[in-house]
Amino acid sequence: MYFLRLGGLALVLAPYPPGTEPGVPSAYGDGAYRDAFGVAHFGLHVENLAEAVETVRRLGAPILSEPRENTGLRFAYVGAPDGVVIELLQYGGPWAGWLGTSKAA
């Protein structure tokens, strides 16, 4: 996994799991394709996860997973065109310095 900082943004790059081969994209699931190519999943930092999810819901996009937390990172997955999964992330504390936000909640 690699982190690329672009101005105030952090782009997280990670390989597909071992054994994944190019093919026709499968239906998206909870955060990644089962077998596919190209951009399947990317994350965007948001200041307020619950508010961001409700905005996406009001706009009619599919909510693939409701907000949850893992190791201090709050996140939810939403569906985008062409089967791309967008991960909305709210982070602070130790993640703030790592991922480029100035807030250390």
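**Notebook: strand 5 and what surrounds it**

I started with strand 5, residues 73-79: six of its seven residues are buried, so the strand is largely enclosed by the rest of the structure. I note at the outset that this is a predicted model.

**Entry 1, neighbours of strand 5.** I looked up the pairing on each side. Strand 4, residues 63-70, pairs with strand 5 in the antiparallel sense, over five bridges. I picked out one partner pair here: isoleucine 63 of strand 4 is bridged to valine 78 of strand 5. Strand 6, residues 85-90, also pairs with strand 5 in the antiparallel sense, over six bridges. In that pairing I found alanine 76 with leucine 88 of strand 6 as its bridge partner. Tyrosine 77 stands opposite glutamate 87, again in strand 6.

**Entry 2, the hairpin.** I then checked the connection between strand 4 and strand 5. They form a hairpin with two residues between the strands, and threonine 71 takes a positive phi near 50° there.

**Entry 3, the sheet.** Which order do the strands take in the sheet? I read it as 3-6-5-4, an open sheet of four strands with mixed pairing. The edge strands are strand 3, residues 41-45, and strand 4, each of which pairs on one side only. I noted an average twist of 20° from one strand to the next.

**Entry 4, helix 1 and its buried side.** I moved on to helix 1, residues 49-58, where Leu49, Ala52, Val53 and Val56 are buried. Why do they count as lying on the same side of helix 1? They cover an arc of only 100° around the axis, and that puts them on the same side. Glu51 and Arg58, on the other side of helix 1, are exposed. For scale, I kept the cut-offs at hand: buried is under 20% relative accessible area, exposed is over 50%.

**Entry 5, what covers helix 1.** I asked what lies over the buried residues of helix 1. The cover includes strand 4, strand 5 and strand 6. Helix 1 lies across these three strands, and I recorded an angle of about 175° between helix 1 and strand 4.

**Entry 6, the ends of helix 1.** At the start of the helix I found a side-chain oxygen of asparagine 48 reaching to within 3.2 Å of the backbone nitrogen of alanine 50. Just after the helix, glycine 60 takes a positive phi of about 95°.

**Entry 7, where I stopped.** I closed by returning to strand 5: it is paired with strand 4 and with strand 6, and it is among the elements that cover the buried residues of helix 1.

Conventions
Residues are numbered from 1 along each chain as its sequence is written. This is a predicted model: local features need pLDDT of at least 70, side-chain atom pairs count only at pLDDT 80 or more; totals for chains, interfaces and linings use all residues. Side-chain values use heavy atoms; hydrogens and water are left out. Buried means under 20% relative accessible area, exposed over 50%, partly exposed in between (1.4 Å probe, protein chains only). Two strands pair if DSSP finds at least two bridges between them. The arc is that of the directions from the helix axis to the C-beta atoms. Contact means heavy atoms within 4.5 Å. A polar contact is a pair of N or O atoms within 3.5 Å; within protein, one must be able to donate a hydrogen and the other to accept it, and residues adjacent in sequence count only if both atoms are side-chain atoms. Axes are lines fitted to C-alpha atoms, for helices over the stretch in contact, and angles run from 0 to 180 degrees between N-to-C directions.
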